[in-house]
Number of protein chains: 2
Amino acid sequence: MARVTLKDVAEAAGVSIATVDRVLNGRAGNASRSAVRVQEAINRLGYAPSALSARVDAARRRFVFVLPSGENPFMSSLSEAVGSLSDWMTLEGAVYETVRVDVFDGAALAAALDGLERDGLAGVALVALDHPMVREAVNHLHAAGIPVVTLVSDLPGSRRARYVGIDNIAAGRTAGALMGRFMGGQGAEVAIVGGSFDLRDHVERQLGFKRVLAEEFGNVRVVDVREGRDDRETTRRAVEALLARHPDLAGIYSVGAGNAGIVEALKANGRAGKTLLIAHELTAENRAALLAGAMQAVINQDCGHEIRSAARVMRALASGTPIVAEQERIRIDVFLRENLP
Amino acid sequence: MARVTLKDVAEAAGVSIATVDRVLNGRAGNASRSAVRVQEAINRLGYAPSALSARVDAARRRFVFVLPSGENPFMSSLSEAVGSLSDWMTLEGAVYETVRVDVFDGAALAAALDGLERDGLAGVALVALDHPMVREAVNHLHAAGIPVVTLVSDLPGSRRARYVGIDNIAAGRTAGALMGRFMGGQGAEVAIVGGSFDLRDHVERQLGFKRVLAEEFGNVRVVDVREGRDDRETTRRAVEALLARHPDLAGIYSVGAGNAGIVEALKANGRAGKTLLIAHELTAENRAALLAGAMQAVINQDCGHEIRSAARVMRALASGTPIVAEQERIRIDVFLRENLP
DNA sequence: CTGTTAGCGCGTTCAT
DNA sequence: ATGAACGCGCTAACAG
């Protein structure tokens with residue numbers, strides 16, 4: 001029952017602990033003769049190294065998350081999730097920090113990245129804005145040997161080591177498939193409301209949505225596309241205008257934030273629950289809309305998973321450990337009123 | 001940068017390490033005077049105990065998963081997930097074992113529970129069969145001070161410490177809501193195919209499904225309910241019979257396993273993709289059916305999450321650590337062809 | 001090439 | 001009530 005320790009193996013192999021250690025970790029200077037006997041002893045006793053004890057004095061490494069400031073509830077959730085990393089933290093001997101920067105300001109974001117305290121810095125994760133200065137700042141970090149991970153929104157063409165987030169085209173396709181099915185084979189007119197089509201993820205979602213409708217639900221047509229700047233009031237007005245043109249619109253796919261505005265407009269026009277609404281992210285406002293019957297489905301990416309995945313990936317990159325790609329894929333969750341967590 | 005250690009706190013407080021340790025863990029025999037100074041030092045330095053170092057010599061504890069044998073792919077996945085616990089294993093100083101027992105045999109399951117090697121046994125998780133002997137065996141373990149966790153299927157009325165799995169009524173409601181929406185407001189006739197309605201989870205799912213239809217989709221009616229014994233061939237015949245009576249059935253909700261049989265029957269009758277099919281568990285066969293367009297949605301419970309959750313819960317129960325209920329809730333996943341992971 | 005020694009941070013005696 | 005000392009399993013540095 002008692003653990004098999006290095007010492008046990010050493011005794012069994014008739015060598016010293018240090019020798020076993022060298023064989024185990026493939027360090028320099030092992031005689032092939034004793035290496036064999038050690039291996040044999042390891043197999044026989046079923047020795048499993050305790051990663052735990054190995055790190056009693058692990059160096060404390062810093063990992064930084066750079067997230068958008070502002071009141072976007074989704075981003076706030078991300079920030080909270082970083083805070084919840086604490087249990088791990090103690091186990092890993094690592095510390096995770098959050099820095100928040102203005103969302104749409106590429107220069108500010110770049111400056112924040114450049115200005116990060118370098119002491120002990122072992123990795124950076126950021127919600128990337130697609131901007132040349134940001135790209136350069138990321139490349140600087142990379143050049144300094146600090147791995148960078150993009151979160152939620154990718155930055156292709158940069159030296160970022162990895163992207164942690166959902167496949168936004170697939171997310172759009174999922175929304176499209178739901179919308180199509182919800183029409184039950186009948187012809188219908190739907191609209192898309194996005195935050196800003198300068199944002200990479202919004203564009204991709206819209207693309208996936210349209211594509212799946214074209215492929216599989218030919219009689220469901222996208223008749224209008226509007227921008228709401230991810231803002232409640234702007235979005236509300238956009239939807240008011242939309243409903244004025246298409247009074248009995250069958251569905252709306254909301255790509256970005258500001259969904260409270262959509263719900264308001266639907267209610268004001270007596271269309272809540274009639275015009276089907278599918279949106280992204282399980283925020284408090286979307287949850288309320290689902291429960292009230294004003295929204296029928298939410299496509300979600302789990303903040304907690306994303307942050308934990310980013311942490312794992314950064315740790316792996318920092319220590320040269322391999323990454324299990326399969327495990328780090330972020331799921332596209334679908335929530336109806338009935339399976340709200 | 002360097003970690004704040006017990007020693008640092010001790011120096012700062014002008015006491016010895018042992019004293020700090022006593023204050024920290026609330027052991028007997030602390031002078032209230034120095035206790036205050038220690039607390040003050042802890043706060044000032046921001047000391048966080050390293051759970052890691054505390055366990056360098058942690059006793060190896062055994063946790064056993066008792067899973068159904070047989071070829072049920074879902075159960076096999078569970079079993080595999082236990083195997084993947086190894087990364088943790090090393091970190092926790094715990095070892096996780098799997099025992100597989102015949103599914104529908106209460107006596108055998110009870111015997112397996114009674115016969116578990118007790119040495120170092122710190123917790124048991126089992127997929128419970130609702131049977132008096134099983135209930136008694138669970139109570140025996142409980143009486144012996146070994147916490148028991150039910151997995152996937154609960155055993156109410158027993159001394160099991162906790163249930164780890166999805167809310168099956170909610171899962172059924174989710175399936176029902178999807179089915180209802182997929183009809184697009186048109187009237188429709190659907191059927192339910194279950195494994196066996198002696199199984200608690202199957203009953204609950206069916207209940208949730210019917211209830212949500214009655215509440216929200218009054219014109220979608222359940223016209224038939226069949227049992228397929230979770231077996232492919234039996235299920236196929238059941239569906240053949242079903243289609244004979246209702247040639248243009250609009251939808252089938254499959255509560256249990258054996259879905260390949262349903263797909264076969266649908267294809268044979270030219271109803272694949274026409275009769276909507278919603279089933280449970282993202283097995284290889286269901287994934288294939290989704291991709292082929294013969295199935296439209298899968299309600300899933302994530303094996304990996306369930307096993308890891310059970311492991312966390314058992315560990316917490318064994319060590320008296322509190323359980324974060326929120327974190328241990330198992331989600332009800334919805335998968336369409338578009339968001340397959 | 002190999003063994004010995006000295007820690008790592010914490011829990012646990014055992015004296016004081 | 002308190003502190004010094006040892007041990008946990010492992011790594012790192014130094015001798016041989």
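Analyst: Start with one term. A polar contact is a pair of N or O atoms within 3.5 Å. Keep in mind that this is a predicted model.

User: How far is a phosphate oxygen of DNA strand C from a polar backbone atom of B:Leu6?

Analyst: The two atoms are 2.7 Å apart. That is within 3.5 Å, so the pair counts as a polar contact. A:Ser16 also uses its backbone: one of its backbone N or O atoms lies 3.0 Å from a phosphate oxygen of DNA strand C. A:Thr19 uses its side chain instead, with an N or O atom 2.6 Å from a phosphate oxygen of the strand.

User: Which residues come nearest to DNA strand C?

Analyst: To read a surface, list the residues around the strand. There are 23 around DNA strand C, and A:Thr19, A:Arg22, A:Ala31, A:Val56 and B:Leu6 come nearest. Now look from the DNA side. Of the atoms of DNA strand C that come within 4 Å of the protein, 70% belong to sugar and phosphate.

User: Which helices each supply at least two residues of the surface near DNA strand C?

Analyst: Helix H2 (17-25) of chain A does, and so does helix H2 (17-25) of chain B. H2(A) gives the largest share, 3 residues. By class, the surface has 9 nonpolar, 9 polar and 5 charged residues.

User: What does UniProt list for residues 4-58 of chain A?

Analyst: A record label covers a span of sequence. Here an unreviewed UniProt entry gives "domain: HTH lacI-type" for residues 4-58 of chain A. In the model, that span is 56% helix and 0% strand, and its end C-alpha atoms lie 22 Å apart.

User: Now DNA strand D. Which residues come nearest to it?

Analyst: Read this surface by the steps used for strand C. A:Leu6, A:Asp21, A:Tyr47, B:Arg22 and B:Val56 come nearest, out of 24 residues around DNA strand D. Sugar and phosphate make up 72% of the strand's atoms that come within 4 Å of the protein.

User: Where do phosphate oxygens of DNA strand D lie 2.6 Å from a polar backbone atom?

Analyst: That happens at A:Leu6. B:Ser16 also offers a polar backbone atom, 2.8 Å from a phosphate oxygen of DNA strand D. A:Tyr47 works through its side chain, where a polar atom lies 2.5 Å from a phosphate oxygen of the strand. H2 of chain A and H2 of chain B are the elements that give two or more residues to this surface. Its residues divide into 9 nonpolar, 9 polar and 6 charged.

User: How are two packed helices described?

Analyst: Two values do it: the angle between the axes and the distance between them. Take helix H1 (residues 6-13) of chain B and H2(B). Their angle is about 105°, and their axes are 8 Å apart. The pair is therefore roughly perpendicular. B:Leu6, B:Lys7, B:Val9 and B:Ala10 of H1(B) meet B:Ile17, B:Val20 and B:Leu24 of H2(B). This contact has 6 nonpolar residues, no polar ones and 1 charged.

User: Are H6(B) and H7(B) roughly parallel or roughly perpendicular?

Analyst: Check the angle. Helix H6 (residues 106-114) and helix H7 (residues 132-143) of chain B pack at about 10°, with axes 8 Å apart. Therefore H6(B) and H7(B) are roughly parallel. Among the residues making the contact are B:Leu109 and B:Leu113 of H6(B), and B:Val134 and B:Leu141 of H7(B). The classes here are 9 nonpolar, 2 polar and 1 charged.

Terms used: Residues numbered from 1 in each chain as written. Chains lettered and ligands numbered in written order. Predicted model: local features only at pLDDT ≥ 70, side-chain atom pairs only at ≥ 80, totals over all residues. Heavy atoms only, no water. Near = heavy atom within 4 Å. Polar contact = N/O pair within 3.5 Å; in protein donor to acceptor, adjacent residues only side chain to side chain. Helix = DSSP H or I, 4+ residues; strand = E, 2+ residues; numbered from the N terminus. Nonpolar A, V, L, I, M, F, W, Y, C, P; charged D, E, K, R; others polar. UniProt positions renumbered as here; feature names shortened; annotations may be inferred. Axes fitted to C-alpha atoms, helices over the stretch in contact; angles between N-to-C directions. Parallel < 35°, antiparallel > 145°, perpendicular 65-115°, else oblique. Contact = heavy atoms within 4.5 Å.
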